[in-house]
Amino acid sequence: MITVDTAAGLRDRCDDARARGDRVGFVPTMGFFHEGHRSLMRAARAADALVVVSLFVNPAQFGANEDLSRYPRDPEGDAAVAAAEGVDVLFTPSVDEVYGPGARTTVHVSGLTEGLCGASRPGHFDGVTTVVAKLFSLVGPCRAYFGRKDAQQLAVIRRMATDLNLPVEVVGCPLVREADGLAMSSRNAYLSPEERSHALVLSRALGTAGDAAAGGVRDAAQLRALVVEAVADVPTVRLEYAEVVDAATLLPLDVVVRDALVAVAASVGSTRLIDNVALHVGPDEVEVDRGVQSDVLAVPSPGSRSSSEVPVT
């Protein structure tokens, strides 16, 4: 594995690969790798000749009172994980390398960024789309891999790539859950053991709503109420939102007659967590996508993160 920290170095590596006729797979990350990140690297490794992973904690997507300064970082451990997963190029730029002096350009996607997480995090998705657009520009034509846990982010980036005619195929990969059902996140490292046990209510609540949808409930308000009531039973978990939205437009639904997401955001202590289940509506039934379950419990120490995955039933 080669580590590069300049834009020119990254572009040269990717251009050289394509000149040889190789396809490039790209996994953009903010580091502190867990099994979810590993699954994206594996997907790229299985499909593409050159696998590039970026490791950059993007200040533009953090609000003034958010956790930029304490966001978990372990560059040495992350490099070990990337190498173990067969990554070819690890891109580790500085903030100045990504944005440069006097940067004035922002990429904004309207219509998909105002609700859900965008309602409480103004400017967050502008930070995401701006840095991802810059990374796509550096990597060039490629397949880019994103997890479905950040379902809104995935929808926004797909829209951006389409609208800007970027030569990038955006690939959505399964949400990965820990052994007890908690959606994997680098921020899980913030949780105390007690907070972590309380956070499990989110996946349980979504599971209840998913079961109801699979059992024939189509009324979105009823599905949402199931989530709200379940979370209310754990008063230490402060619900930010619980919504049933169209999977493509992210607009709220009254009735689930097409593919949908049941999505939540909540704070457990000082840690903000998100999660979702996807509802795939067929002519006769609803298929519930809860993601895949890992045999890893909590965020393990860097360099020792290995597991298998099975679909969550």
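Is Ser54 buried or exposed at 1% relative accessibility? In this predicted model, Ser54 counts as buried, because a relative accessibility of 1% falls under the 20% cut-off. The residue is placed in strand E3. Apart from its neighbours within four places in sequence, Ser54 is in contact with Phe26, Val27, Pro28, Thr29, Phe91 and Leu135. Of these partners, Phe26 is also listed among the residues with the most contacts inside the largest nonpolar core.

That core comprises 48 residues, and those with the most contacts inside it are Leu10, Val24, Phe26, Val52, Val132, Phe136 and Phe146. Helix H6, spanning residues 124-139, supplies the largest share of this core, namely nine residues. A second core, separate from the one just described, consists of 32 residues and includes Leu202, Ala209, Ala242 and Val256. Within the largest core, the surroundings of Phe146 may be described in detail. Residues up to four places away in sequence being excluded, Phe146 touches Pro28, Leu40, Val132, Phe136, Gln153, Leu154, Ile157, Val170, Val171, Gly172 and Cys173. Two of these partners, Val132 and Phe136, are themselves named among the core residues with the most contacts.

Helix H6 also packs against helix H1 (residues 7-19), at an angle of about 50 degrees and with the two axes 7 Å apart. H1 and H6 are therefore oblique to each other, since the angle of about 50 degrees lies outside the ranges for roughly parallel (under 35 degrees), roughly perpendicular (65 to 115) and roughly antiparallel (over 145). On the H1 side, the interface is formed by Ala7, Leu10, Arg11, Cys14 and Arg18, which meet Ser137, Leu138 and Val139 of H6. Leu10, listed in this interface, is likewise one of the residues with the most contacts in the largest core.

A contrasting helix pair is provided by H8 (residues 193-214) and H9 (residues 220-232), which pack at an angle of about 150 degrees with their axes 9 Å apart. An angle over 145 degrees counts as roughly antiparallel, and H8 and H9 are therefore assigned to that class. The crossing of H8 past H9 is right-handed. In H8, the residues Val201, Leu202, Ala205, Thr208, Ala209, Ala212 and Ala213 meet Leu223, Leu226, Val227, Ala230 and Val231 in H9. Leu202 and Ala209, both found in this set, are also included in the second core.

Helix H8 further contains Ala199, which counts as buried at 0% relative accessibility. Not counting residues up to four places away in sequence, Ala199 touches Leu182, Leu191, Val268 and Leu273. The C-alpha atoms of Ala199 and Gly269 are separated by 9.6 Å, with these positions 70 residues apart along the chain as the sequence separation. For Glu169 and Ala84, the sequence separation is 85 residues and the C-alpha to C-alpha distance is 25 Å. Glu169 lies in strand E6 (residues 168-173) and is partly exposed, with a relative accessible area of 42%. Its contacts, with residues up to four places away in sequence set aside, are Cys142, Arg143 and Ala144.

Buried positions also occur in loops. Gln61 is located in the loop between strand E3 (50-55) and helix H3 (75-84), and counts as buried at 11% relative accessibility. The side chain of Gln61 makes a polar contact of 2.9 Å with the side chain of Asn58. Residues up to four places away in sequence not being counted, Gln61 touches Met30, Glu66, Arg121, His124, Gly127, Val128 and Val131.

Two further loop residues are notable for their backbone geometry. Most residues other than glycine have a negative phi. By contrast, phi of Phe32 is near 50 degrees, a positive value in a residue other than glycine. Phe32 is found in the loop between strand E2 (24-29) and helix H2 (35-47), where it is buried, with a relative accessible area of 12%. Leu250 likewise has a positive phi, of about 65 degrees, although it is not a glycine. Leu250 occupies the loop between strand E8 (237-246) and strand E9 (260-268) and is buried, with a relative accessible area of 9%.

Note on methods. Residues numbered from 1 in each chain as written. Predicted model: local features only at pLDDT ≥ 70, side-chain atom pairs only at ≥ 80, totals over all residues. Heavy atoms only, no water. Helix = DSSP H or I, 4+ residues; strand = E, 2+ residues; numbered from the N terminus. Buried < 20%, exposed > 50% of the residue type's maximum accessible area, 1.4 Å probe, protein only. Polar contact = N/O pair within 3.5 Å; in protein donor to acceptor, adjacent residues only side chain to side chain. Contact = heavy atoms within 4.5 Å. Core = buried A, V, L, I, M, F, W, Y, C linked by side-chain atoms within 4.5 Å. Axes fitted to C-alpha atoms, helices over the stretch in contact; angles between N-to-C directions. Left-handed = near helix turned anticlockwise from the far one by under 90°.
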